[in-house]
Amino acid sequence: MSFTLHGLGVSGGIAIGQAHLISQATLEVSHMVIAPRLVEKEIARFEAAITRVREEFATMKNSVGNSPADIGAFIDLHMMLLSDPELSEVPKQIIRERRCNAEWALVQQMEVLVAQFEQIDDVYLRERSYDVRQVVERVVRELVGRPTNPSFKSVKGIKGENVILVAHDLSPSDVMAFKDQHFASFVTDVGGATSHTAILARGMGIPAILGLHNARQLIRDKETLIVDGTRGVLIVNPDVRVLEEYELKKGQFELERSKLRLLKTARATTLDKVKIDLLANIEEPEDVEAVLESGADGVGLFRTEFIFLGRGDMPSEDEQFEAYRKAVKGMDGRPITIRTFDLGNDKNLHSDIDEDRRRDNPALGLRSIRLSLSEPKTFQAQLRAILRVSKLGKVKILIPMMSHAHQIDQTLAALEQAKSSLRGERVAFDENIEIGGMIEVPAAALAVGMFLRRLHFVSIGTNDLIQYTLAIDRSDEQVAYLYDPLHPAVLMLLSHVISSAEKANIPVSMCGEMAGDPALTRLLLGMGLRQFSMYPAQIPAVKQRVKQSDISLLTPVVRRMLRMEESGRLQEQLERLNAFVPGVYV
Ligand code: PEP
Ligand code: MG
């Protein structure tokens with residue numbers, strides 16, 4: 001049966017392939033023996049989880065609305081399985097008799113049921129073992145008390161040009177774990193358009209859709225999928241006609257991309273002869289190849305924390321030196337801006353410790369430079385590693401998420417300390433290395449003067465700046481519709497930062513996702529931005545837009561736009577601005 005799901009298309013393009021469901025690892029449960037006095041409590045915990053999942057199914061059933069009847073029938077089947085005493089009662093007996101913890105009891109019973117299903121000759125009935133697993137997985141997730149990330153183990157070993165990963169959620173470290181394997185695409189139930197998972201998809205240049213809500217539940221392994229990452233549409237089991245139509249669209253998309261690649265060696269200069277710097281964002285040294293391929297002028301943002309995600313401990317100075325050396329050498333004299341660790345929130349090195357430390361609002365907690373300053377030894381190791389590679393190329397340092405003058409001063413003092421320790425050891429480094437700060441907290445944007453007076457450059461991180469200005473969690477698909485780069489407050493902050501930097505004669509760049517969106521290029525040029533840093537695959541499209549723009553004509557229009565107070569009107573005006581043909585097209 002063919003059906004269509006809609007989500008957030010976070011990385012453009014079309015993929016056609018087979019579904020590979022990523023296990024939630026929830027079935028790898030802990031095994032504990034419960035004290036006799038706690039048995040009834042454990043049963044109550046089990047019952048509460050069953051009730052919550054039943055409610056979840058009921059909500060899902062209401063929300064599928066006019067979707068094809070089969071989706072409703074599918075949810076009904078899961079509700080029925082959940083209510084079957086084999087799943088809802090027998091595990092309670094196991095808890096009582098064997099004093100197992102609830103999740104272990106449930107998984108034991110599941111194994112018995114799955115084995116029974118697998119004995120059945122009828123293919124349809126045999127496949128229901130799959131539904132049993134899915135229902136159990138959901139209950140276990142409730143018991144564990146948090147949506148669990150998929151298991152790396154389930155990812156390893158699969159490979160294929162036509163594999164489409166389907167997961168409830170993928171953390172940035174999950175995506176990093178399978179980055180070097182060749183997948184056609186991935187889709188998830190949760191996640192926002194500027195979440196780090198989405199950013200990684202764009203970096204890998206593969207189509208992806210997030211925020212599909214129930215995809216993991218509705219799709220089966222090996223079903224044929226079409227992922228339209230541009231429109232956020234996922235088609236499950238398409239018929240032959242639709243398949244042919246999308247094969248054609250895929251071909252056209254790839255043709256467009258290859259045409260844009262012809263711009264690789266062209267200069268990014270506007271019609272009125274203003275040279276624009278187009279730089280690339282990278283996550284690991286291996287990305288340098290894509291940077292060179294894209295024709296970027298350099299690396300504007302190296303998110304160093306990604307190299308070490310999920311590995312369990314802090315990398316040593318030498319390990320870091322080696323990773324940074326590879327990237328700097330690869331850039332072969334082109335500038336490379338290395339950002340210090342932006343850990344915490346959704347990016348963690350050691351999940352257990354971080355789980356303990358995790359607070360209700362991790363995005364507002366001990367993350368990024370706050371974490372670095374609270375761990376001086378680790379910070380020194382990173383600064384020393386960056387300084388040591390500064391002799392090998394054109395290296396700059398970028399500090400994320402500062403908001404207070406004392407953080408800037410402390411950071412500068414830490415850099416001085418790292419420099420002086422290297423001098424003591426007679427290790428060479430670039431004495432004039434430039435250090436910049438990211439502007440990604442509204443306080444930093446409003447009080448940008450304190451950055452401009454102390455640092456060599458600033459770089460605007462619009463992903464976090466929008467998150468914090470509009471109080472929208474960038475990873476949460478439920479509020480994704482409120483995440484608005486055209487909100488007047490966001491534009492006011494951007495304009496203030498860009499014009500203040502220009503007045504102070506301090507270079508300003510933008511490295512958030514806004515910089516890589518060709519629909520916003522003219523707006524940003526009109527605001528005065530001259531340095532853009534984005535995922536490499538996007539450089540040709542932005543370059544083409546730059547080459548079709550005349551800044552002297554754009555600037556007065558953009559100035560008027562900045563006085564508008566409604567996103568809707570701004571959007572209309574932006575469309576007009578983008579339709580405007582000031583001269584010859586490339
Ligand atoms: C940003 O916040 O815009 C940014 C570039 O940093 P990150 O996406 O890594 O948080
Ligand atoms: Mg950021």
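This passage describes the nonpolar cores and some of the helix packing in a predicted model.

The largest nonpolar core contains 112 residues, and within this core Tyr-324 and Leu-494 touch the most other members. Helix α22 (residues 488-504) supplies seven residues, the largest share from any one element. Residues of this core are given both by domain 1 (3-24 + 149-239) and by domain 3 (274-578), so the core lies between these two domains. Beyond its neighbours within four places in sequence, Tyr-324 is in contact with the aromatic residues Phe-302, Phe-308 and Phe-341, among others. The contacts of Tyr-324 also include Ile-307, Ile-338, Ala-385, Ile-386 and Val-389, together with Thr-304 and Gln-382. A second core, separate from the one described above, has 33 residues, including Leu-87, Ile-95, Val-136 and Leu-143.

Helix α17 (residues 376-389) packs against helix α18 (residues 405-424) at an angle of about 60°, and the two axes are 9 Å apart. The crossing of α17 and α18 is right-handed. On the α17 side, the contact is formed by Phe-379, Gln-380, Leu-383, Arg-384, Leu-387 and Arg-388. Their partners in α18 are Thr-411, Ala-414, Leu-415, Gln-417, Ala-418, Lys-419, Ser-421 and Leu-422. Sorted by class, the residues in this contact are seven nonpolar, four polar and three charged.

In helix α25 (residues 551-561), the residues Ile-551, Leu-554, Thr-555, Val-557, Val-558 and Met-561 are buried. An α-helix has 3.6 residues a turn, so residues three or four places apart point the same way. The buried residues of α25 pack against two other helices, α23 (518-527) and α26 (567-579).

Notes
Residues are numbered from 1 along each chain as its sequence is written. Chains are lettered from A and ligands numbered from 1 in the order in which they are written. This is a predicted model: local features need pLDDT of at least 70, side-chain atom pairs count only at pLDDT 80 or more; totals for chains, interfaces and linings use all residues. Side-chain values use heavy atoms; hydrogens and water are left out. A nonpolar core is a set of buried Ala, Val, Leu, Ile, Met, Phe, Trp, Tyr and Cys residues joined through side-chain atoms within 4.5 Å. Buried means under 20% relative accessible area, exposed over 50%, partly exposed in between (1.4 Å probe, protein chains only). Helices (H or I, at least four residues) and strands (E, at least two) are DSSP runs, numbered from the N terminus. Domain bounds come from an automatic or database domain assignment. Contact means heavy atoms within 4.5 Å. Axes are lines fitted to C-alpha atoms, for helices over the stretch in contact, and angles run from 0 to 180 degrees between N-to-C directions. A crossing is left-handed if the near helix is turned anticlockwise from the far one by less than a right angle, and right-handed if clockwise. Ala, Val, Leu, Ile, Met, Phe, Trp, Tyr, Cys and Pro count as nonpolar, Asp, Glu, Lys and Arg as charged, and the others, Gly among them, as polar.
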